[in-house]
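Reader: I am new to reading protein models, and I would like to study one part of this one closely before I look at the rest. Please begin with a single short element, explain each term as it comes up, and then connect that part to its surroundings.

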Amino acid sequence: MFADHTAEILYLGEAKRLANRSQRLAILARDGAGCSCPGCTKPITLSEINHAEKDWADGGYTDVNAMAADCPQHNRAVGPKPGQWTTSGVTDGPDTGRAAWTLNTDGHPTRTAPAPPRVNRKLPTRRNPRSAPTQQRDE
Ligand SMILES: [Zn+2]
């Protein structure tokens, strides 16, 4: 009846802070073999799995749909201040489940317009196996 399912746990809630092996592999298959920040080409071997929706210390869940791979440089660039990035999960369309990055502005409407969320299209994914830095641009 459930021939294609496994018993691997992909949703750990608040019970564990760090992603398990199954979650890492699922994120690799979903997002591609590297950092999820738009334009970054750092490989997943140099990235960490981080909470994209909400930090674990702030009550975020260690669930596969709430995490993404970030290289150390871009992980440090996430935060609430202007010039930093806010990450969230895409909830609709072909990028559902991937991490969306939004550059924080200072909130003043005449100085800086809100930036649209973007996903990294520099790395090949299961959905887009032929993407490469020279073939596609970021959105
Ligand atoms: Zn990066």
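Author: Helices and strands here are DSSP runs, numbered from the N terminus, where a helix (H or I) has at least four residues and a strand (E) at least two. The short element I choose is helix α2, which covers residues 72-76 and contains Gln73. Residue numbers start from 1 along each chain, following the sequence as it is written. The model is a predicted one, in which local features need pLDDT of at least 70 and side-chain atom pairs count only at pLDDT 80 or more, whereas totals for chains, interfaces and linings use all residues.

To describe how enclosed a residue is, one counts the other C-beta atoms, placed from the backbone, within 10 Å of its own: 20 or more make it buried, 12 or fewer exposed, and anything in between partly exposed. Gln73 is partly exposed because 13 C-beta neighbours lie inside 10 Å. Its C-alpha lies 9.3 Å from the C-alpha of Ser47, although 26 residues separate Gln73 and Ser47 in sequence.

Helix α2 belongs to a protein with two helices and four strands, arranged along the sequence in the pattern α-β-β-α-β-β. After α2 comes a loop leading to β3 (85-89), and Val78 is found in that loop. Val78 has 18 other C-beta atoms within 10 Å and is therefore partly exposed. Setting aside residues up to four places away in sequence, Val78 touches Gln84, Trp85 and Thr87, where two residues are in contact if their C-beta atoms, placed from the backbone, lie within 7 Å. The C-alpha atoms of Val78 and Thr102 are 9.5 Å apart, with their positions 24 residues apart along the chain.

Turning to strand β2, you will find both of its faces covered, since the buried residues are Met67 and Ala69 on one side and Ala68 and Asp70 on the other. Strand β2 pairs with β1 in the antiparallel sense over four bridges, and a pair of strands is called so when DSSP finds at least two bridges between them. Within this pairing, His51 stands opposite Met67 of β2.

The other helix, α1, has Gln23, Ile27, Arg30 and Asp31 as buried residues. These residues sit on the same side of α1 because they cover an arc of only 75 degrees around the axis, the arc being that of the directions from the helix axis to the C-beta atoms. Among the elements covering these buried residues are β1 (48-51), β2 and β4, while the face turned away from them carries the exposed residues Arg21 and Ala29. Just after α1 comes Gly32, which has a positive phi near 105 degrees.

These parts meet again in the largest nonpolar core, which has 18 residues, and of these Ile27, Met67, Ala68 and Ala99 touch the most other members. The elements that give two or more residues to this core are β2 (67-70) and β4 (99-103). By a nonpolar core I mean a set of buried Ala, Val, Leu, Ile, Met, Phe, Trp, Tyr and Cys residues joined through C-beta atoms within 7 Å. Ala99, leaving aside its neighbours within four places in sequence, is in contact with several residues, including Asp31, Ala52, Ala68 and Val119.

Asn120, in the segment after β4, lies 8.3 Å from Ala99, C-alpha to C-alpha, though the two are 21 residues apart in sequence. With 27 C-beta neighbours inside 10 Å, Asn120 is buried, and among the residues that it touches beyond four places in sequence are Cys35, Cys37 and Cys40. Leu123 is also in the segment after β4, and its 21 other C-beta atoms within 10 Å make it buried.

Finally, you should ask how confident the prediction is, which pLDDT expresses for each residue on a scale from 0 to 100. The protein averages a pLDDT of 83, and 79% of the residues score at least 70. Among the elements, α2, with which we began, has the highest mean pLDDT (95), while α1 has the lowest (90). Over residues 132-139, however, the pLDDT is below 50, and beyond near neighbours in sequence this stretch has 13 contacts in the model. Where pLDDT is low, the predicted coordinates should not be read in detail.
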